[in-house]
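Here is a walk through a few spots worth a look, from a loop to some sheets and the nonpolar cores. Keep the viewer open as you read.

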Amino acid sequence: MKYCAYMYAAMLPLAAVSAAEEPDVVSAVSFELHEASDRSDELLGIAEKLVAFREQQPMDAGALRRSIRALRTCGMFERIGVERSAGGVKFLLTPARYVRDIQIRQAYPLFTDEVEKALSISPGDVFRKEVLVRQDSMITALYRREGFVAPRVDITSRRHRSGRDRVVLVRVHAGEYYRIETIEIKGNRGVSAIAIKLRMKSWWNLLLPGSAGRFIESVLREDVKKLADFYRLRRFADVAIRDTVIADSRNRSVRVVLSITEGERYKILLPPRRERGFGRRALADDITLLKTGNRNNAGVRKAVREIGKRMREAGFLDARVSVSDTSVARRRVTERRVRFSIARGTRTTVSSIIIRGADGIDEAAIRDQMLHVDKGSEAKRAYDPDRLREDVFAVQMLYRSRGFLKATVASTVAPQGASVAITIDIREGKRTFIGGVSVDTARFSGIAVRKAVTVKTGDAYRSDRLNRDARVLQTMIAEQGYPHVSVTPVVAMNSDSSSAEVEFRIDKGPKVMLGDIRYVGAFRTKEKVLNRQFRGLRGRPLSLRGIVDAQKKMRDLGLFSAVRFKTVGLREKRDTVHLFVDVTEKRPFHGTLGGGYQSDKKIFLNAKAGDRNLLGFGREAWVAGEVSHIDSALVKGDFSRIDGHAEVGMLDPRLFGSPLRAMVNVFGERESELNQDWWTRNYGLSTGLTASPDNRLMLGLGTNYEHRRLYYKSGASPADSVKVSGELRPRDLIVMTPSFSWDRRDSFTRPRKGFFLSSSVDFSKSIGAMIDNFVKAQFEAKGVFTPHHSRFTWAGVVRGGYLRPYGGAEGIPADQLFYLGGTGDVRGFAENCFNADTSGRGIGGSVSLSASVEGRIAVGGPVELALFADIGRLEDDLISMAPEQFRSSVGAGIRYITPIGPIGILYGWKLFPLPGEDAGAFHFSLGYTF
């Protein structure tokens, strides 16, 4: 009740001021915090700066409204009240309590992120009970859309450990749901029921256990829409699909009945090429009834209009397009044959184009503006009256842009049998030149007038250039702290319009400074990390470009899921603008646990845990590990053959406030390759710097220190023996790796189009030896292409590598060589067995080249078929290439698409296998290999 009284009191001065004949004078402005806060002085100071009036100044209703709006906008006060008495104004303020965290329980089968997106609040928002009570309906609506019958949501809050702020607790009781019992297809004759079901996500959900297989009405609606599109691709233009859902409330199941009225299957018949004059593909763009339908024969009528238009544009002015159709009964469907007949007539061409009256502009420039030409083939010289009108307009605009402000252009057409002669008559009129240009920039320092104003005395008058220069000049002045500036080009013509005096008139408006920068919602992140993004802006003339750049820098930190900037005072044209930055911090702690089976790792498990905002300094730290080849322990009880990798790392996304990302990690691993007689134990330190000039391009420079040890499985190596090969001794090396990558793919997990390029060069230097002195260059180029409205995707990759020793090194250690064969390259071979010895062990090489092409066919739902062909070469010689050095394979496979990428099983067959070799190899993979 007390807050209601505050708000009522806030309205009284508004009414009093509006009713008064003259504005009152404010005798005193005071502020009172309704609740104590450890930031009391700071909050009172902020409030004083945001109020739009001062003592001994007139106050009207507008000033009070603006003050209240500014206090609400800043996000630091939960409630705002106003009391007024005897000329004094007191603001009664309640410090804001914030939503520190939103904890969601029992969200399954939905993800927590999905539930959070349904809410209208997020961490960092001001906590208000009246807003909290509305959240349950939003979550309930979400679960109803996902197929649950009567979900129940309990939303409460508790005090955060920091004190006043609150933690929102959401507990979801999803309850019962309906499952699809059967999907019945009726009326289908041209398409089998199984082909229809394979294209329905609802049918694939039916196969899933538990609540994952629930019935979702919106999914069914989308299925019906996709099925209609599928039918039209099969030439059933009149298809109509009606879905009926029969619910069994006792068993919580539904029966879905799809009643399909297929209509006739269309067959489009076109006249011979000599009659129609255009290829089938060109006319297919005009005949769209198989894509959009043919209800009430509208699709056919539209096709007739579009073909007629194409004919006229090609010069066939008397072309006539007609259509006839007949129905033929087939065994399963009735086929409707739609035959288009085209009477082209005689093509009208342009025999000549005569331009008269062109003195001020070169005739070649005028012809460049025209679509009609009088040279070339008949198709190029086709005459179209509509196009001629466009030509006349284009020529007139050319003249206006060259300073002929009163120029007029007309055309006449003289028939000459099957051709026409076009005459363009131009009345240029007086040409207007710039007589003088004046810019009043004496009030502004550092304005490069010559850079902003490109028009000069003697130039032809062009209004578009004047307006462009005005915009550029306005932007430059605004960046000096005049965001309300306006620049207007004022033109004064002389008596005969031959000369124009141009003055860029500047209304600068008030100079605006950037005052306080306050952050709302940054509970964990240190303020100095945030201030670093606004370096050079605070207390300086307001720069809108600088604010936009700072916002981008904050988003690039990767610490926030949302960044919103609010300026207080800019709209009111106050001389000081205060910036309030609302952020929603991502949860700092993250962790993943995964595992599976992959051909090159066998059974593996991996885990990662980290903090993306370590101690609030904006740096990410993590601990990660992986063990692979676990099957050796499970099947053979041999734990010595398990591979493992562990690392501790840290990432700074903006090193010292620069655009550089810096990474350092310490690692240790035991690594072996399949079908090899060796394994390695390594540990070391890795550092790297990366920069992204844009979101697609990545440049990097890495440095590694490694301590490596190579072991052969045939027996222990006596490291202290001088007779042992140098590669079996402990080795220390430093590797420097410059790299770059350019990613233009539309998706990381399931790309449909685009390309990816990458390359790197390892410069390796041994410490105390020469065996690891080498240069190792690698490159990779991937491409993906999906034709429009196609279920078929082409993908290809080319990879190469080159190794060369230097500095006295005579060879390359086995663990540094290239190997081919397996899931990642030539899939007809087992892992690393592209070249193999008599015992089946893989042989490496210093020159590697491989290429693959793959066709991916979406057969329906999350299932995809793959057909592929691979080729490779692995040798120690780059120059003497011979056909017999290349080996290839072909194969096929199936993948199941998951939200995190595909899971697949593939089989590759060797082409021309050698005596004693296997015919091919199976491969299990997670994600695409390219």
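## A loop and its serine

Ser-497 sits in the loop that links β19 (486-493) to β20 (499-507). Bear in mind that this is a predicted model. Is Ser-497 buried or exposed? Its relative accessible area is 19%, and the cut-off for buried is under 20%, so Ser-497 counts as buried. Setting aside the residues within four places in sequence, Ser-497 is in contact with Lys-406, Arg-431 and Thr-432.

Asn-494 belongs to the loop between β19 and β20 as well. With a relative accessibility of 31%, Asn-494 is classed as partly exposed. The side chain of Asn-494 comes to 2.9 Å from the backbone nitrogen of Ser-497. There is also a polar contact of 2.9 Å between the side chains of Asn-494 and Ser-498. Looking further along the chain, Gly-435 is 59 residues away from Asn-494, yet their C-alpha atoms are separated by 9.4 Å.

## A three-stranded open sheet

Next up is an open sheet of three strands, ordered β12-β14-β13, with mixed pairing. Which strands stand at the edges? They are β12 (265-269) and β13 (320-329); each has a single partner strand, so one side of each has no neighbour in the sheet. From one strand to the next, the twist averages 20°.

Five bridges hold β12 to β14 (residues 334-343), and that pairing is parallel. To find the register, look at Leu-269, whose bridge partner in β14 is Arg-339. Helix α13 (residues 298-313) lies across β13 and β14, and runs at about 25° to β14.

## Strands β36 to β38

Further along the chain, β36 (residues 863-875) and β37 (residues 887-898) run antiparallel, joined by ten bridges. Within that pairing, Phe-868 stands opposite Gly-891 of β37.

β37 also pairs with β38 (residues 901-911), again antiparallel, this time through eleven bridges. How many residues lie between β37 and β38 in their hairpin? Just two residues separate the strands there. For a marker of the register, take Val-890, which has Trp-909 as its bridge partner in β38. As a rule of thumb for reading strands like these, side chains in a regular strand alternate between the two faces of the sheet.

## The nonpolar cores

Nonpolar side chains tend to be buried together in soluble globular proteins. Here the largest nonpolar core has 29 residues, and those with the most contacts inside it are Leu-50, Phe-53, Leu-71, Met-76, Phe-77, Phe-91 and Leu-93. Which elements give two or more residues to this core? They are β2 (28-33), α2 (40-50), α3 (61-73), β4 (77-85) and β5 (88-95). The largest share, five residues, is supplied by α3. Apart from this core lies another, of 26 residues, including Ile-183, Trp-204, Leu-227 and Ile-260.

Back in the largest core, Phe-91 is a good residue to click on. Not counting residues up to four places away in sequence, Phe-91 touches Val-29, Ser-30, Phe-31, Glu-32, Val-51, Phe-53, Leu-64, Ser-67, Ile-68, Leu-71, Gly-81 and Val-82. Among those, Phe-53 and Leu-71 are also on the list of residues with the most contacts inside the core.

Conventions: Residues numbered from 1 in each chain as written. Predicted model: local features only at pLDDT ≥ 70, side-chain atom pairs only at ≥ 80, totals over all residues. Heavy atoms only, no water. Pairing = 2+ DSSP bridges. Helix = DSSP H or I, 4+ residues; strand = E, 2+ residues; numbered from the N terminus. Buried < 20%, exposed > 50% of the residue type's maximum accessible area, 1.4 Å probe, protein only. Contact = heavy atoms within 4.5 Å. Axes fitted to C-alpha atoms, helices over the stretch in contact; angles between N-to-C directions. Polar contact = N/O pair within 3.5 Å; in protein donor to acceptor, adjacent residues only side chain to side chain. Core = buried A, V, L, I, M, F, W, Y, C linked by side-chain atoms within 4.5 Å.
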